[in-house]
Amino acid sequence: MNTRFSVATHILTFLQSQQGSPAPSELIALSVNTNPTLIRRLLSQLAKAGLTTSQMGSAGGALLARSGSSITLLDVHRAINEEFVAFPLHQEPNPQCPVGRNINRVLRGRLAEVQTAMEHELSRTTIADLATDISAINSAC
């Protein structure tokens, strides 16, 4: 696992908090505390998935391509982790061993259930939900 999913989620939540004002990658990078190049790379993936768009010009920057209430964490996950497998199987178990010969067959179904449960949970939370949670925390401070 890497942090690209959480950084992409941070980017989208930041854009939600901008309430329709475009945000340059440098500003987003300040919030994420990373390099603007990484932000631009992730914004490119998010745009390819239809989650962000960009506005050109001196007051330009990144924007959500659709409402934050319609962007789920599953959308983010799929945009960033195109070929993600939560639990990859061992590719070369010993076929001479009764366990090695059958381990992938018995694991495959169980791990598919875990993947499905994870995707279900990710689909229940939107970018707008996260922005609301952050706003509530900030109000309490």
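This report walks through a predicted model, from its nonpolar core out to its surface.

**The core**

Let's start inside. The largest nonpolar core has 25 residues, and I11, L12, L15, I28, I39 and L46 have the most contacts within it. Several elements chip in: α1 (4–17), α2 (25–32), α3 (36–48), β2 and α4 (73–80) each provide at least two residues of this core. The top contributor is α1, which gives six residues.

Take a look at L15, one of the residues with the most contacts inside the core. Leaving out residues up to four places away in sequence, L15 touches A23, I28, L43, T52, A62, L63 and L64.

**A helix that is mostly hidden**

Now find α4. Six of its eight residues are buried, so this helix is largely enclosed by the rest of the structure. The buried ones are L73, L74, V76, H77, A79 and I80. What do the buried residues of α4 pack against? Their partners are α1, α3, α5 and α6 (127–140).

**The hairpin**

Strands β1 (residues 52–55) and β2 (residues 61–64) pair in the antiparallel sense, with four bridges between them. Where they pair, Q55 stands opposite G61 in β2. Five residues lie between the two strands of this hairpin, and G57 takes a positive phi near 110° there.

**Salt bridges**

Side chains of opposite charge can pair when their charged atoms come close. How many salt bridges does a search of the whole structure find? It turns up four, and three of them are among those listed here:

| Pair | N to O distance |
|---|---|
| R40 and E26 | 3.5 Å |
| R66 and D75 | 2.9 Å |
| E121 and R124 | 3.2 Å |

The salt bridge between R40 and E26 links distant parts of the chain: R40 sits in helix α3 and E26 in helix α2, 14 residues apart. R40 counts as partly exposed because its relative accessibility is 41%, and E26 is partly exposed too, at 45%.

In the second pair, R66 is partly exposed at 32% relative accessibility, while D75 is partly exposed at 23%. That D75 pairs with R66 is worth spotting on your model.

In the third pair, E121 is partly exposed, with 44% relative accessibility, whereas R124 has 55% and therefore counts as exposed.

**A nonpolar patch on the surface**

Finally, the outside. V99, I103, V106 and L107 make a nonpolar surface patch of about 320 Å². L107 belongs to helix α5 (residues 98–123). Is L107 buried or partly exposed? With 32% relative accessibility, L107 counts as partly exposed.

Conventions:
Residues are numbered from 1 along each chain as its sequence is written. This is a predicted model: local features need pLDDT of at least 70, side-chain atom pairs count only at pLDDT 80 or more; totals for chains, interfaces and linings use all residues. Side-chain values use heavy atoms; hydrogens and water are left out. Patches are made of residues with over 30% relative accessible area and no salt bridge: like charges are joined within 9 Å, nonpolar side chains (Val, Leu, Ile, Met, Phe, Trp, Tyr) within 5 Å. Accessible areas come from the Shrake-Rupley method with a 1.4 Å probe; for residues, only the protein chains shown count as cover. A salt bridge is a side-chain nitrogen of Lys or Arg within 4 Å of a carboxyl oxygen of Asp or Glu. Buried means under 20% relative accessible area, exposed over 50%, partly exposed in between (1.4 Å probe, protein chains only). Two strands pair if DSSP finds at least two bridges between them. A nonpolar core is a set of buried Ala, Val, Leu, Ile, Met, Phe, Trp, Tyr and Cys residues joined through side-chain atoms within 4.5 Å. Contact means heavy atoms within 4.5 Å.
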